Amino acid sequence: MTDVEAVPGAPRERAQALRSQLHHHAHRYYVLDAPEIPDAEYDRLFQELQALEAQYPALRTPDSPTQRVGGKLLEGFAKVRHTVPMLSIRTETDIEASGARNFDARVRRELALAADAAPVEYVAELKFDGLALNLRYEAGALVQAATRGDGEVGEDVTQNIRTIGQIPLRLPADAPPVLEVRGEVYMRRDDFERLNELQREKIAQGAKHEKTFVNPRNAAAGAVRQLDPAIARQRPLSFYAYGWGEIQGGPDFQTHFEVLQTLKAWGFPVSERVQVARGAEDLVAYHRAVGQARDQLPFDIDGVVYKVNALALQQQLGFVTREPRWAVAHKFPAQEQVTTVQAIDVFVGRTGKLTPVAKLQPVFVGGVTVTNATLHNEDEARRKDVRVGDQVIVRRAGDVIPEVVSVVPGQRTHEAPVFTMPSHCPVCGSQAVREEGEADYRCTGGLFCGAQRKQSLLHFAQRRAMDIEGLGEKLVDQVVDAGIIRTLPDLYRLGLANLSALDRMGEKSAQNLLAGLEQSKATTLPRFLFALGIRHVGEATARDLARHFGTLDAVMHANVDQLLQVPDVGPVVAESLHTFFAQAHNREVVEQLRACGVHWPEGEPVATASLPLTGKTVVLTGTLPTLSRDEAKALLEAAGAKVAGSVSKKTHYVVAGAEAGSKLDKARELGVPVLDEDGLRALLETPTAL
């Protein structure tokens, strides 16, 4: 019986399965640049195999992924044997304190340092999420750039690397005659977004072989390993140096930090976040600080790296198998993980937007346990083809809402239906519509929908709508959460007793709110129409509707063709208005508001062309003697004028009061007529303004 045969069947079969999976995923990651699982899932499988091989050494075969550093070579590139192997480093995934302290304790133990010995000095660096690269310079000139490959042999990508502007093609005269610089090729997040936008445009134009990229690392690796340098040149890549390979001649370096600063002096980009740390607690502080700043960095990282600073101590510590003893990568909580979709629900937001949400088997990702992830909209859910029962990659970065990145290929073992957005709101049952040219469905139940209740109340109460003084966000949260208010008319049914029962609501505050509600009942038709929160109906459109129809009933009963007769009302606005008033519950809310005493003056329709300031643009600046800014604006708009916020050549008048600022200067510069308050009143009284 061989040593392998002596291993129990279950661990032997599991090791074989793990080796097969890891080889597959390494090929997808390193060769095809099309990973199917996140790094954290690969690490988990790798560590499971390591543990099995440690328990049963006979399982450690020469072709095991644990005995290799990287992936296979891509056919088409010349092979490059590294003079100094490009080895990977050990990974710590424990929390910030224990991960750093474990490494420091291990180093001190290997160096046989006494407990009271001085702290070990380290260099702390960022762990970039890109593609490792070796740059070889001879006589000061870049002669070769090679990928890590399998650690011993890489791929010659010199022509592609020459397109990266950050990489010097020639070094200064004091550089060594032979120098190998090691670092990371990566893609900035903003460059990645621009690249993907370009890819989407190509796809929309019918390009058959184009695709968007999963993440910046995937995009950077694909660019470096393009067989056509012209294509690589179109991909925006960046580079950071963090180490070296072979050096012949040159300075007598004593520390790792000294080498990095010298590389910087020779023209290589070195991260500004590299710093010297003394002992474990400095490493803990560095890990914490970088973790807090991680989402604000312009590029992706997945952890930090600690290295013993003194080169003599590095040599003393040496290597074990595939890793240096003097360095470790301390990863952050994974931002991507694999889990299973248990259901797909539809969430209704405060503005009525319907969002499909995947209900997940709980998974720890990005430092928290995630149970829900957004699918954004129906188009995205269908493009990714997410179905109940699928294994999916979930991503969470910082405070960003978790999202489903993609479905894990080849894992679907069931026939689940394609996701379809519901035709009616799951909260209130109102019709859900998707307007032309938009990606989102929206609930049309505005005034009636429970999900939109708080937003509807806040919009209704704002100063430019019903102007209900004292009704702010905190109070709206209280009255809605307590079940005191369910619809807008409930506002006008509030009493002193139920208001006084609320937290931090004194009798005087309650009385002030009731007085504000009573005062708000006397309003105008434009304000009331705007207050209803009809999608696409702003203040100007509400004013145009009131002028054109004269009464609310006329607006409510108008069909789409009649609504299109209103100036500046197009098909989208007309359809939105018609759909809103077609909902019986919206009409019921309006009637109840009227029954509660909300009223406004109504009259005959006003032809816009007959208004004295139709087609005129007016700008207000400074403080007028008797008119407030809002009063002056209301008078101008009632006369048909458009009140703008800035002065241009298209401005017809500027009305200036005390302490008028740059707008007055701009008007004088452009020769725009300037009026005071008396001039404004005279203009408003002119039958037809010039």
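The following legends describe close-up views of a predicted model.

**Figure 1. Lining of the second largest pocket.** The second largest pocket encloses about 1400 Å³ of space. It is lined by 43 residues, of which F213, V214, K384, E403 and V405 are the closest to its centre. Two or more lining residues are contributed by each of the elements α5 (189-204), α6 (216-224), β15 (353-365), β16 (368-374), α11 (378-384) and β18 (403-407). Helix α5 supplies the largest share of this lining, with six residues. By residue class, the lining comprises 17 nonpolar, nine polar and 17 charged residues.

**Figure 2. Surroundings of E336 in strand β14.** E336 belongs to strand β14, which spans residues 336-348. This glutamate is buried, because its relative accessible area of 14% falls under the 20% limit. A polar contact of 3.5 Å joins the side chain of E336 to the side chain of R395. Leaving aside residues up to four places away in sequence, E336 touches P38, A40, V365, I393, V394, R395 and V405. R395 is thus named both among the residues that E336 touches and as its partner in the polar contact. V405, which is also touched by E336, is one of the residues closest to the centre of the pocket shown in Figure 1.

**Figure 3. Cysteines C443, C428 and C596.** The model contains zero disulfides. For C443, the closest cysteine sulfur is that of C428, at 3.6 Å; this separation is too far for a bond, because a disulfide requires the two sulfur atoms to lie within 2.5 Å. C443 has a relative accessible area of 8% and is therefore buried. C596, at 15% relative accessibility, likewise counts as buried.

**Figure 4. Helix α17 and the elements that cover it.** Helix α17 extends over residues 539-549 and is mostly covered, with eight of its eleven residues buried. These buried positions are T541, A542, R543, D544, L545, A546, R547 and F549. Among the elements that cover the buried residues are α16 (525-531), α18 (552-557), α19 (560-563), α20 (571-582) and α22 (629-638). Just after α17, G550 adopts a positive phi of about 85°.

Definitions and conventions:
Residues are numbered from 1 along each chain as its sequence is written. This is a predicted model: local features need pLDDT of at least 70, side-chain atom pairs count only at pLDDT 80 or more; totals for chains, interfaces and linings use all residues. Side-chain values use heavy atoms; hydrogens and water are left out. On a 1 Å grid over the protein atoms alone, a cavity is a set of points where a 1.4 Å probe fits but cannot get out, and a pocket is an open set with protein on both sides within 12 Å along at least five of seven lines; lining residues have an atom within 4 Å of a point. Grid points are joined across faces, edges and corners, and a volume is the space filled by probe spheres set on the points. Helices (H or I, at least four residues) and strands (E, at least two) are DSSP runs, numbered from the N terminus. Ala, Val, Leu, Ile, Met, Phe, Trp, Tyr, Cys and Pro count as nonpolar, Asp, Glu, Lys and Arg as charged, and the others, Gly among them, as polar. Buried means under 20% relative accessible area, exposed over 50%, partly exposed in between (1.4 Å probe, protein chains only). A polar contact is a pair of N or O atoms within 3.5 Å; within protein, one must be able to donate a hydrogen and the other to accept it, and residues adjacent in sequence count only if both atoms are side-chain atoms. Contact means heavy atoms within 4.5 Å.
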